[in-house]
Amino acid sequence: MAVVIDTLKSDNRPRHPEKAHRPDQPIQRKPDWIRVKAPGSPAWAETNRIVKAEGLVTVCEEAGCPNIGECWEKKHATFMIMGDTCTRACAFCNVKTGMPGALDADEPAKIATAVAKLGLHHVVITSVDRDDLDDGGAEHFAQVIRAIRARSPGTTIEVLTPDFLRKDGALEVVVAARPDVFNHNLETVASKYLKVRPGARYFHSIRLLQRVKELDATIFTKSGIMVGLGEERNEVLQLMDDLRSADVDFLTVGQYLQPTKKHHPVIDFITPDAFKGYETIAYTKGFLLVSATPLTRSSHHAGDDFAKLKAARLGKLGR
Ligand code: SF4
């Protein structure tokens, strides 16, 4: 596992020190079908104000998500807990890397306050990887879930977790807090792991999702990948089968976009028709819900998708 230790602690350290020595990879111009809403509307500004007032970190900002204009206008922000610094060094990710600080014991209450102020019916909570913590941050995840439930009992909760690799018992702590949706992203196909997601193990992630269902079959499970990293179509279809073997309910597929010259290059821009093809095949393989478009992201339209998931499950049960 690649754990990055930050010993410099200087203000002018690079955001991704482990990538600083890498050769530049030119950033390709985006095709016409990738167009997003610019941020800046009054509703976007209100979301921004609440996030900043509570001192919270969002993956929308840290990952440079292209959908932030659209999502924040609808007050959909995805909170990133346990700091803004990740102990992994994935080749696709724009979140800062290094050695994170101590956990903020007040964070669960702050998140619960922001969820209440934003009036969220459905909230997505994700985190940086915290390989430095004995439980990978599982108990902190559970505390955040409990704090939101106590303050906003009608809000449904989706977690997007790290893999808790080699942290025995961590997953069970999060599942016991009973999120409504448990998301863990595979990110890419198995053959790309060493280059794209070197600290993770493909089959560990599959097994984690399977274990969630074994522990509590009422929790919806979800996983997502990026395409355009050089994967073969057949590898994506194999990944779908692997996720279905783990009884995963919901698959998201989106176009990878390169954050900086030091990140993994975009190998190809997948056409909207090819995304539609992935969606059709995924449904035939038995997923309850599939979102496959160039701008699909794990948490994009998560609230609407939760309603669709519930309806699809009831439909399957014949109710
Ligand atoms: S898609 Fe997710 S990460 Fe991107 S802006 Fe929307 S809520 Fe934030």
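Modeller: Let's start with one idea: a residue is buried if 20 or more other C-beta atoms lie within 10 Å of its own. We will apply that to a predicted model.

Biologist: Which residues of S4 are buried on its two faces?

Modeller: On one side they are His-122, Val-124 and Thr-126. On the other side they are Val-123, Ile-125 and Ser-127. In a regular strand, side chains alternate between the two faces of the sheet.

Biologist: What makes S4 largely enclosed by the rest of the structure?

Modeller: The count settles it: 6 of the 6 residues of S4 are buried, so the strand is largely enclosed.

Biologist: And how do you know that S8 is mostly covered?

Modeller: Again we count, and 6 of its 6 residues are buried. Phe-250, Thr-252 and Gly-254 belong to one face, while Leu-251, Val-253 and Gln-255 belong to the other.

Biologist: Let's try single residues. Why does Val-144 count as buried?

Modeller: Val-144 has 29 C-beta neighbours inside 10 Å. The cut-off is 20 or more, so Val-144 counts as buried. You will find Val-144 in helix H5, residues 138-151.

Biologist: Which residues is Val-144 in contact with, leaving aside neighbours within four places in sequence?

Modeller: The partners are Ile-81, Glu-107, Pro-108, Ile-111 and Ile-125. Ile-125 is also one of the buried residues of S4. As for Glu-107, its C-alpha is 7.5 Å from that of Val-144, and the two are 37 residues apart in sequence.

Biologist: How do you know that Val-144 and Glu-107 are in contact, with 7.5 Å between their C-alpha atoms?

Modeller: Good catch! The contact cut-off is 7 Å, and it applies to C-beta atoms. The 7.5 Å value runs from C-alpha to C-alpha, so the cut-off is not applied to it.

Biologist: Why does Leu-215 count as partly exposed?

Modeller: Leu-215 has 14 C-beta neighbours inside 10 Å. Exposed means 12 or fewer and buried means 20 or more, so with 14 neighbours Leu-215 counts as partly exposed. Leu-215 is in helix H8, residues 202-215, and it touches Glu-172 and Val-175, not counting residues up to four places away in sequence. Leu-239 is 24 residues from Leu-215 along the chain, and their C-alpha atoms are separated by 22 Å.

Biologist: Now the sheet. In what order do its strands come?

Modeller: The order of the 7 strands is S1-S4-S5-S6-S7-S8-S9, and the open sheet has parallel pairing.

Biologist: What makes S1 and S9 edge strands?

Modeller: Strand S1 (79-81) and strand S9 (289-292) each pair on one side only. On average, neighbouring strands of the sheet are turned by 20° against each other, with direction ignored.

Biologist: How do you know that S5 and S6 pair, going by their bridges?

Modeller: Pairing needs at least two bridges, and 3 bridges join S5 to S6. One match is Glu-158 with its partner Val-181 in S6. The test works for other strands too: 3 bridges join S1 to S4, and 5 join S4 to S5. Thr-126 is the bridge partner of Met-80, and Thr-126 has Leu-160 as its own partner in S5.

Biologist: How many bridges join S7 to S8?

Modeller: There are 6, and these strands run parallel. S8 and S9 pair over 4 bridges, with Ser-291 as the partner of Thr-252. From S8 the chain crosses through helix H10 (residues 272-284) to S9, a right-handed β-α-β crossover.

Biologist: Why is the unit of S4, H5 and S5 called right-handed?

Modeller: Imagine the strands pointing away from you: the path over the helix must run clockwise to earn that name. The β-α-β unit of S4, H5 and S5 is right-handed, so its path runs clockwise in that view.

Biologist: Last one: how do the residues of the shell around the ligand divide?

Modeller: They divide into 5 nonpolar, 5 polar and 1 charged. Among the shell residues are Val-59, Ile-68, His-76 and Arg-297. Arg counts as charged and Val as nonpolar. Helix H2 (59-62) and helix H3 (68-73) each supply at least two residues of this shell.

Conventions:
Residues are numbered from 1 along each chain as its sequence is written. This is a predicted model: local features need pLDDT of at least 70, side-chain atom pairs count only at pLDDT 80 or more; totals for chains, interfaces and linings use all residues. Two residues are in contact if their C-beta atoms, placed from the backbone, lie within 7 Å. A residue is near a molecule or strand if its C-beta atom, placed from the backbone, lies within 6 Å of it. Axes are lines fitted to C-alpha atoms, for helices over the stretch in contact, and angles run from 0 to 180 degrees between N-to-C directions.
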